[in-house]
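This report covers strand pairing, one helix, charged side-chain pairs and cysteines. The sequence and structure come next.

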Amino acid sequence: MEQRHLGRTGLRVSRIGLGTLTWGRDVDEHDAADMLKTFWEAGGTLVDTADVYGDGEAEYLLGQLIEGLVPRRDLVISTKAGSVPDPDRRFDGSRGHLLGALDASLARLGTDHVDVWHVHAYDPDTPLEETLHALDLAVSSGRARYAGVSNFCGWQLAKAATWQLAAPGHRTRLASTQLEYSLLQRGVEREVLPAALDLGIGLLPSSPLGRGVLTAKYRNATPPDSRGASEHLAPFVAPYLDDTATRIVDAVQTAADGLAVTPLQVALAWVRDRPGVAAPIVGARNAQQLTAALSVEALTLPDEICRALDDVSAPVHRYPDHDWSTL
């Protein structure tokens, strides 16, 4: 699998990442082991997790598989901290919480460092410089090799990245940002992606298949074994089952038919090769699904297909994002 630099750093990652959102909850140890081995054998390196996935079980399961199944040195492990199960405070970006969460993640993963450590979301109740100081301490102590943020909007990302570049002392520049990005969700193109490109931050798209909808499996009905039929994941899929999404999925299906490939491959290739993207994070239920996603490695979409998909999925971005003099 092709390797790409993560932002403006020396770290290289596989251009498809393996997500573990459902590990330890919907994905058991057997299926997780099959997927990790399949991913590794295909040349994949980037494995993404978080301390809240499965209430920590995803990290623990990944830790159990490292070394016994796949050498730790062959993986680029990314995890996140900052989300908390508190209805009154969804995110905690305080230095104390973040560093404590990192230590707990390392214990579950059974490793002395993670390769990329992300703040899971922006915490409006904690000074940003305090949150960023936690990243500096994690890297300077060797517990994290690189640092990034997740779910930061454009101004939040730009402020955080600029602080790290301009503040006095030894600061850790942001290597990456992780947000949802697909043909069904192009909101990052409004401000986040331009900021990331300008500041040398690699984008790691989550839900690159539109929460599964871009595979076209929901075109006629909801499969009983799909996320859309799951009690706890159905609300996650529902926003992308509207008329706008149907029009985009139909275009993806048409492109797939013309290229003799699958809608999954078309949708994943589109987001993988967008400017600024380092590696889409793909979640799968089993090794068979993951193999289908990894088969996109051999596909590059023709320019005319990309333009057609761009047009049918184009978000409305006007003033002040576009040149005001043209409006």
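What handedness does the β-α-β unit made by S6, H4 and S7 have? The unit of S6, H4 and S7 is right-handed. The model is predicted.

## Strand S6 and its neighbours

Strand S6 spans residues 114-119 and is mostly covered, with 6 of its 6 residues buried. Strand S5 (residues 76-81) pairs with S6 in the parallel sense, over 4 bridges. Within this pairing, Lys80 has His118 of S6 as its bridge partner. From S5 the chain passes through H3 to reach S6, in a β-α-β crossover that is right-handed.

S6 also pairs with S7, again in the parallel sense, and here there are 5 bridges. One of the bridge partners in S7 is Ala144, which is matched with Val114. H4 completes the right-handed β-α-β unit with S6 and S7.

## Helix H5

Helix H5 runs over residues 154-166. Its 13 residues, at 1.5 Å a residue, should span 18 Å, and the end C-alpha atoms are 18 Å apart, so the expected and modelled values agree.

The buried residues of H5 are Gly154, Gln156, Leu157, Ala160, Ala161 and Gln164. Two kinds of element contribute to the cover over these buried residues: the helices include H4 (128-140) and H6 (192-199), and the strands include S7 (144-150) and S8 (174-180). H4 and S7 thus appear both in the cover of H5 and in the β-α-β unit with S6.

## Salt bridges

The whole structure holds 18 salt bridges. One of them joins the side chains of Glu2 and Arg15, with an N to O distance of 3.3 Å. This pair links distant parts of the chain, 13 residues apart: Glu2 is in the segment before strand S1 (3-5), and Arg15 is in the loop between strand S2 (12-14) and strand S3 (17-19). Glu2 counts as partly exposed because its relative accessibility is 39%, whereas Arg15, at 8%, counts as buried. Both residues belong to a network of salt bridges that also links Arg4, Arg272, Asp273 and Glu297.

A salt bridge also connects Glu59 and Arg108, whose closest N and O atoms are 2.8 Å apart. Glu59 is in helix H2 (residues 57-65) and Arg108 in helix H3 (residues 95-109), and the pair links these distant parts of the chain, 49 residues apart. Glu59 has 0% relative accessibility and counts as buried; Arg108 has a relative accessible area of 24% and is partly exposed. H3 is also the helix through which the chain crosses from S5 to S6.

In the pair Asp310 and Arg274, the closest N and O atoms of the salt bridge are 3.1 Å apart. Asp310 lies in helix H11 (residues 303-313) and Arg274 in the loop between helix H9 (263-272) and strand S10 (281-282), so the salt bridge ties together parts that are 36 residues apart in sequence. At 21% relative accessibility Asp310 counts as partly exposed, while Arg274, at 18%, counts as buried. The cut-off for buried is under 20%, so Arg274 with its 18% falls on the buried side.

## Cysteines

How many disulfides does a search of the whole structure find? The search finds 0 disulfides. Among the cysteines, Cys153 is partly exposed, with a relative accessible area of 28%. Cys306 is partly exposed as well, its relative accessible area being 22%.

Key
Residues are numbered from 1 along each chain as its sequence is written. This is a predicted model: local features need pLDDT of at least 70, side-chain atom pairs count only at pLDDT 80 or more; totals for chains, interfaces and linings use all residues. Side-chain values use heavy atoms; hydrogens and water are left out. A salt bridge is a side-chain nitrogen of Lys or Arg within 4 Å of a carboxyl oxygen of Asp or Glu. Buried means under 20% relative accessible area, exposed over 50%, partly exposed in between (1.4 Å probe, protein chains only). The expected span of a helix is 1.5 Å times one less than its number of residues. Contact means heavy atoms within 4.5 Å. A disulfide is a pair of cysteine sulfur atoms within 2.5 Å. Two strands pair if DSSP finds at least two bridges between them. A crossover is right-handed if, with the strands pointing away from the viewer, the path from the first strand over the helix to the second runs clockwise.
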